[in-house]
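Hi everyone, thanks for coming. Please have a look at the model on the screen, and then I'll walk you through a few places in it.

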Amino acid sequence: MSLLILLYLLSFSFIANSEHSNEHDITLTNENAAVITHVEHSPFDSSDHKEHEGHSEHGVEVLTHLANSTSVVSEHNVHEEHGAGHGEERMESFQLIALNWEHVKYPYMVGIWLLAASLVRVIFHLSKRFGNLLPDSAILIIVGLGLGFLLKAIGLDPSVYRLNSDVFFLFLLPPIIYDAGYFMPNRYLFENVDSVLLFAVIGTIWNTIAISATLFICSVYEVFTVQFSVFEILLFSALISAVDPVAVIAVFEEIHVNEFLFINVFGEALFNDGVAAVLYFMFKKFIIIMATVGGLVWSDYVIGLLSFLVMSLGGVLVGIIFAFIVSFISKYTDHVRILAPVFIFIIPYLAYLTAEMLGLSAILAIAVCGMMMKQYVTANLSHDAASAVKYFTHMLAQSSETVIFMFLGLSVISSEHNWDTYFVVITLVGITIFRIIGVLVQCFVLNQYRTKKFSALDQFVLCYGGLRGAIAFGLVVSLPVSIDQNIRNLFVTTCIVVIYVTVLFQGITIRPILSILKVERKDDSLLTVIESINHKMLDYTLAGIEDILGQTGKHSIRDDFERFNAKFLRPLLTKRYKKSVSDSSKIISAYQKITLQEAVSMALQFEKRKPSLSSTTPTTPRTIQRFVEEAAIQTINQNENENLSTQALYNMFSQLLDRKLRELRENPPSPSRDPIPADIHDDYIGQMRRENRGELPTIPESPGGTLRELFGNGSAQRNVISRRHSQPPSYQVHPV
C-alpha cells in the first residue's frame, strides 16, 4: 500500500510539474480517486488483505485529500512560476529589460542592509575622534534607531523589519559563537579556567536568583503595573543575566587590556551565554508545562534541575565529538584542498544544529567545537586555506553582529512596548548591584587560592564589563506565546533599555575610565627564543614539582594532556605528523635557509650600491651564494660529526640570535619600512598585538625587500660579512 501511495504521488508530481501541463491536466477528478480505490485491492496486498481491510478505506480518503490539495497547489504554482506557464502567455509584447523586484527583493534587501551598515562603520572610523569615542556596537545601534524612524515615517509595516527568533538562533548566532570559540586563546583560558567557570556558572546563577527574588518581592507588593508568576520572573532574570561577548570583545580589543583581565572577562561572557541560555530554556519549559496541564509535579522540578547539567555537559560533549570528526576529515583533504575549509564551517554548524535538535546547549557545543578543533585543522590546512578560514570566520561573525545590532536599533520602532518605570529602574539597579556583589565575593574567594590575584582595579573592570547585547535580545524575542501579551511587551521594552544603557553608556565610558585609572595594558613585545624556551622549561618544572608533592594541579594536568595529545591525538587527527626523538634535519635546513637568504639579500644590495670591497670578498651574488653554501655545508658536516648534539644546535641558534639582535640594536629598521600588521591573528590575545607574527619572508627579487626590513640595513650586513671573512667569529653564548 505504501509503495502504491509513493508511486502515485511521484507520478502526480511529475504531471503537475510538467512543462506542457494545462489546467485541465492538473485537476484531479473523483474518477481518479475511484481508480486508486480499485488499485488498493491489487495482489500486492493480498496476503494481508483482511488485516488491512479497515486501513484501505482510510487510505482512499487520504489519497483523495492529497490529490485535491496537490491540485490546488499545482494550479497556484503554474500561475506563479517565474518565466513559465501563464506568465508568458499573458505577455503582450517582448520586453528587453523587465523589473522583477518581487523575485529578488529579500536577498537584495539583505545585501543593501549589510552594505549600508558596513559603509557606516567605515565612515565613522575615518574620523579618529568618532572612531575612538563610540564602539562599533553603539554606532550600529544608533544607525538602526535612525533607520527605524525613517522606515516608520515612510509608512512601512513594522513586521517587515522585526527580528524572528528562528532567524536569530539558527543563522545569526552560530557564526558569532563559533568565531569566539575558534579564536579563543586556549592557553590563557586553561590557566584561568577556575575563575572563568566560577564567574560564568556560579555568577550567572547568582544574578538570576537575586534579580528574580527582587522583582518578585516588588511584584507581590504590587509595585509594578502587571503581576508575574515565579517562573515568568525567573525567565526574564535568566535572559537579562546574559553578558554579551560581542560588546566585550569590541571594547577590550580597542583598549588593549592585559591578557589576564581580557580572558576572564571574555571567557566569562562566552560561557555565561551558554549557562544563561540553559536556564532560560529550562524556565521556558516550566511555563509551557504549566500553560498546558495547569501545574507542575515534584518530578518536573527534579528533572528540570537535572536538565541543567544534561544540557550543559551534553552540549560540551557534542562539541568535542564534532571537533574530532572535522579534524579527522580534514586530515584526508590533500587531493581536494579546496573543500577543506568547507568542512571546517559545515561540521561545527552541524554540531550547533545537532545540539539544538537534541535540546542541549547549542552555544556551548559550537564554542567547544571551535576551541578543540583549531590546533588540529590548522595543522592539516595549507597557509592559504588557513588564512581563508580566518578571514571568512571573522567575516561571517562581523556580518551577523552588524545585522543583530542594527535590529537592536530597529526594535525600538518595530516592537510593541509596555513601559513601567519602576520595573525598568529596579532591573537596571538590580543587575548593577548584584553583579558588583557577585564579582567582589567571587574574587575574594579566588584570591585565597590563586597565585595571580585579582587587584581592586581588576575587580572594578569585571564589574563594569557586564555589557548586555545580542544574546539577551535574541532570547527576549523568543518568549513563549503562553505569557500574557502585556508581560511580554514589558520584558521586551526593559531588555532593550538595559542593552542601550550598557552598550551606549558603559561601552562609551569604559575607555576613558580605564585610561584614567591606568589599567595595565597588553605587552605588545614579542617573546624572544630564550624567553619562549624559559617559559616551556618553567611549565615542565612546575609540573614536576606538583608530581613530587603528590598533587594534581593545573600544570600536571596540562603536561599529561600534552603528552596524551602528542602520543595519540595529533598522530590520529593531523597529517604529516612524525614522532621523532632527535631529528634535527629541519632545524639545520632552516638555519641554512636563513644564512642563504642573508647572503643573497646582501649580494643584491652590493650589486646596486657597488661598494669597494677587498680582494678577499666575493663580488657577485652567485659567488657569495656559493661561498655561503660551502660554509653552511661545512658547518652541517661539522655538526654531523658531533652527532648533532643539543649543545651544538643551541650554539648555532645562539650565534644566529645574538647576531640578529645586535644588528637590530645598532641599526633599527626605518618606521616606514615596518611590515604591515596582520589583519587577523590566531586568537583574540594576538588580535591586540600591534606587531606582525609573520613567517620567514622569502628571498626578495630586488634590493630593499622584506629581508632588509627584518634583518637591518645594508651597512650592518656588510660589516657582518666582512667580519665573517676577515676574522673568526666570536659570539657569546648565553646558557639557558
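I'll start with how to read the model, then take two helices, the cavities, and a few single residues.

This is a predicted model, so local features need pLDDT of at least 70 and side-chain atom pairs count only at pLDDT 80 or more, while totals for chains, interfaces and linings use all residues. Residues are numbered from 1 along each chain as its sequence is written, and side-chain values use heavy atoms, with hydrogens and water left out.

Let's begin with α14, residues 259–293. Helices here are DSSP runs of H or I, at least four residues, numbered from the N terminus. The expected span of a helix is 1.5 Å times one less than its number of residues. For the 35 residues of α14 that gives 51 Å, and the end C-alpha atoms are indeed 51 Å apart. Along the way, α14 bends by about 25 degrees at Asn 272, where the bend is the angle between axes fitted to the seven residues ending there and the seven starting there.

How is the N-terminal end of α14 capped? Asn 258 does it, with a side-chain oxygen 3.3 Å from the backbone nitrogen of Phe 260. Just after the helix, Gly 294 takes a positive phi of about 90 degrees. As for its surroundings, 27 of the 35 residues of α14 are buried (under 20% relative accessible area; exposed is over 50%, partly exposed in between, with a 1.4 Å probe and protein chains only). So α14 is largely enclosed by the rest of the structure.

Now compare α22, residues 485–517. Its 33 residues reach 45 Å from first C-alpha to last, close to the 48 Å expected. There is a kink of about 35 degrees at Ile 510, shortly before Pro 512. At the N-terminal end, Asp 484 is the cap, and one of its side-chain oxygens lies 3.0 Å from the backbone nitrogen of Asn 486.

On the other side, α22 is followed by Lys 518, in the loop between α22 and α23. Lys 518 has a positive phi of about 55 degrees although it is not a glycine, and at 69% relative accessibility it counts as exposed. Glu 222 also has a positive phi of about 55 degrees without being a glycine. You'll find Glu 222 in the loop between α11 and α12, exposed with a relative accessible area of 60%. For context, most residues other than glycine have a negative phi.

On to the empty space. A cavity is a set of points, on a 1 Å grid over the protein atoms alone, where a 1.4 Å probe fits but cannot get out; lining residues have an atom within 4 Å of a point. There are 4 cavities of 30 Å³ or more. Which residues lie nearest the centre of the largest one? They are Phe 199, Glu 268, Arg 435, Val 439 and Gln 442, out of 13 lining residues. Our friend α14 supplies at least two residues of that lining, as do α11 and α19, and α19 gives the largest share, 5 residues.

Last stop: Gly 370, in helix α17. Is Gly 370 buried or exposed? At 0% relative accessibility, it counts as buried. Gly 370 and Gly 181 are 189 residues apart in sequence, yet 4.8 Å apart in space, C-alpha to C-alpha.

That's my tour, thanks for listening!

Key
1 Å grid on protein atoms, 1.4 Å probe; cavity = no way out; pocket = protein on both sides within 12 Å on 5 of 7 lines; lining within 4 Å. Points joined across faces, edges and corners; volume = space filled by probe spheres on them. Polar contact = N/O pair within 3.5 Å; in protein donor to acceptor, adjacent residues only side chain to side chain.
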